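Work through these exercises with the structure open beside you. Try each task before you read its solution.

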Amino acid sequence: MKEKKYWPPYLSGIGLGITLLLAFVLMGRGLGASGAMMRFEVWFLGLFASSHVAANPYFAKYALNPLSNWLVYEIIGVMVGGFLSGALAGRLKFTIGKGPRISNKGRLILAFTGGTIMGFAARLARGCTSGLALTGGATMAVGGWAFMFAVFAGGYAMAWFVRKQWI
Amino acid sequence: MAPFYKFDYFSEGTGFIIALLLGVSFGFWLERAGFGSSKKLALQFYFRDMTVLKVMFTSIVVAMVGLAFFTLFGWIDMTAVYINPTYIWAQVIGGLILGVGFVVGGYCPGTSVVGAVTGRIDAYFFLGGALFGMFIFGEMFPWVEDLFLSGNMGAIRLPELFNLSTGVVVFLVILLAIGMFYGGEWLENKFREEEA
């Protein structure tokens, strides 16, 4: 099947905005992603190091029934929805996203490195692009807006140094 | 009266099912926009593809205007809606670091999940890194706790910060979004020409 084009950004933005609005109306809270990852992690750590989790003041906040949480169900839904959309558009295939000037190995090392930086930062800021910038942006939370501009600033400041990865 | 869950219209279990369905919609739209692709996301930082900016501001405006009208009609009680607490220094510094991680890694947490389920191998490496980074944060927590708690301003919102009415802030955000859309289109055209 031939890959279909992405939908226009403004249409996707409206779809995403209505989803976010429905989350507020139905549940009284916005969307998120990194919080769910944190909960999977604490659950996983708890399987073989439960005393370590209990002794750590940060992990312990998530230790009680880590998977019995709204965000965990939401992120499982994200997997389903992303897969469905990709399947309907013929976009399911194993690839590595990168520019022409970097090796596959180089890209995968940077993907892991960037992920590590982001995982740390998302915990420090109490959220990521969806849970803090998008959700906080829509509710006009001061921290959400400050965070969003900081994310763009950090990304643009770093872009030149990793340009060979993308362009 | 919304938010329905907060006013006990349904149980926590039903809430989980709703969460799942909202997640399906969230993932669907992220993939539709092209956010399963790290390259498309990263090109934002080289002005060649401003989809991230356009999608983010469109969805913020849609949800924000919706909430403002529902409040006006008396359909939703905003005091029962979760407002992200502001810890300004933790969030500004966290945001700067997260932006670096975005352009290095090519994803953010939500989009990496969409990338992973559509077969992007780099998304799996990113996800592994993100879990590792969260683990490091937890292990380092005693050393970063002061920063994590710095600049606590509570659940403060822009109208209170600037002492403006909600309607005025909504209007200003819409103006800002329109400016971003024009700027984004202009930048894309400019950098596309240079490339050609």
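**Exercise 1: A salt bridge within chain A**

A:Glu3 counts as partly exposed, at 36% relative accessibility. Buried means under 20% relative accessible area, exposed means over 50%, and partly exposed lies in between (1.4 Å probe, protein chains only). This is a predicted model: local features need pLDDT of at least 70, side-chain atom pairs count only at pLDDT 80 or more, and totals for chains, interfaces and linings use all residues. Residues are numbered from 1 along each chain as its sequence is written, chains are lettered from A and ligands numbered from 1 in the order in which they are written, and side-chain values use heavy atoms, with hydrogens and water left out.

Task: Find which side chain A:Glu3 meets in a salt bridge.

Solution.
- Step 1. Recall the rule: a side-chain nitrogen of Lys or Arg lies within 4 Å of a carboxyl oxygen of Asp or Glu.
- Step 2. Find the partner. The side chain of A:Glu3 meets that of A:Lys93, at 2.6 Å from N to O.
- Step 3. Place both residues. A:Glu3 sits in the segment before helix 1 (9-27) of chain A and A:Lys93 in the loop between helix 4 and helix 5 of chain A, so the pair ties together parts 90 residues apart in sequence. Helices here are DSSP runs (H or I, at least four residues), as strands are (E, at least two), numbered from the N terminus.
- Step 4. Check the partner's exposure. A:Lys93 has a relative accessible area of 44% and is partly exposed.

**Exercise 2: Salt bridges between the chains**

Task: State how many salt bridges the rule finds across the interface of chain B and chain A, then describe them.

Solution.
- Step 1. Count. The rule finds two across this interface. The whole structure has six over all chains.
- Step 2. Take A:Arg91. Its side chain meets that of B:Glu31 at 2.8 Å, N to O. A:Arg91 lies in the loop between helix 4 and helix 5 of chain A, and B:Glu31 in helix 1 (residues 12-33) of chain B, so the pair joins two chains.
- Step 3. Check burial. A:Arg91 is buried at 2% relative accessibility. B:Glu31 is buried too, at 3%.
- Step 4. Take A:Arg107, in helix 5 of chain A, and B:Asp122, in helix 6 of chain B: this pair also joins two chains. Their closest N and O atoms are 2.9 Å apart. Both A:Arg107 and B:Asp122 are buried.
- Step 5. Recall the principle. Side chains of opposite charge can pair when their charged atoms come close.

**Exercise 3: A serine at the interface**

Task: Is A:Ser85 buried or exposed? Which residues does A:Ser85 touch?

Solution.
- Step 1. Locate A:Ser85 in helix 4 of chain A.
- Step 2. Read its relative accessible area: 0%, so A:Ser85 is buried.
- Step 3. List the contacts (heavy atoms within 4.5 Å). Leaving out residues up to four places away in sequence, A:Ser85 touches A:Arg91, B:Phe28, B:Glu31 and B:Arg32.
- Step 4. Look for a polar contact. This is a pair of N or O atoms within 3.5 Å; within protein, one must be able to donate a hydrogen and the other to accept it, and residues adjacent in sequence count only if both atoms are side-chain atoms. The side chains of A:Ser85 and B:Arg32 make one, at 2.8 Å.

**Exercise 4: The whole interface**

Task: How many residues of each chain are in contact, and what area is buried?

Solution.
- Step 1. Count residues: 125 of chain B are in contact with 119 of chain A.
- Step 2. Give the area. About 10800 Å² is buried, and carbon and sulfur atoms give 77% of that. Buried area is the accessible area (1.4 Å probe) that two parts lose on being put together, summed over both.
- Step 3. Name the residues of chain B that lose the most area to chain A: B:Phe26, B:Arg32 and B:Met134, together 7% of what that side buries.
- Step 4. Count polar contacts: 38 residue pairs, both at pLDDT 80 or more.

**Exercise 5: Chain A overall**

Task: How many helices and strands are there in chain A?

Solution.
- Step 1. Count eight helices and zero strands.
- Step 2. Find the buried share: 57% of the 167 residues in chain A.
- Step 3. Size the box. The C-alpha atoms of chain A fill roughly 45 × 40 × 35 Å along the principal axes.
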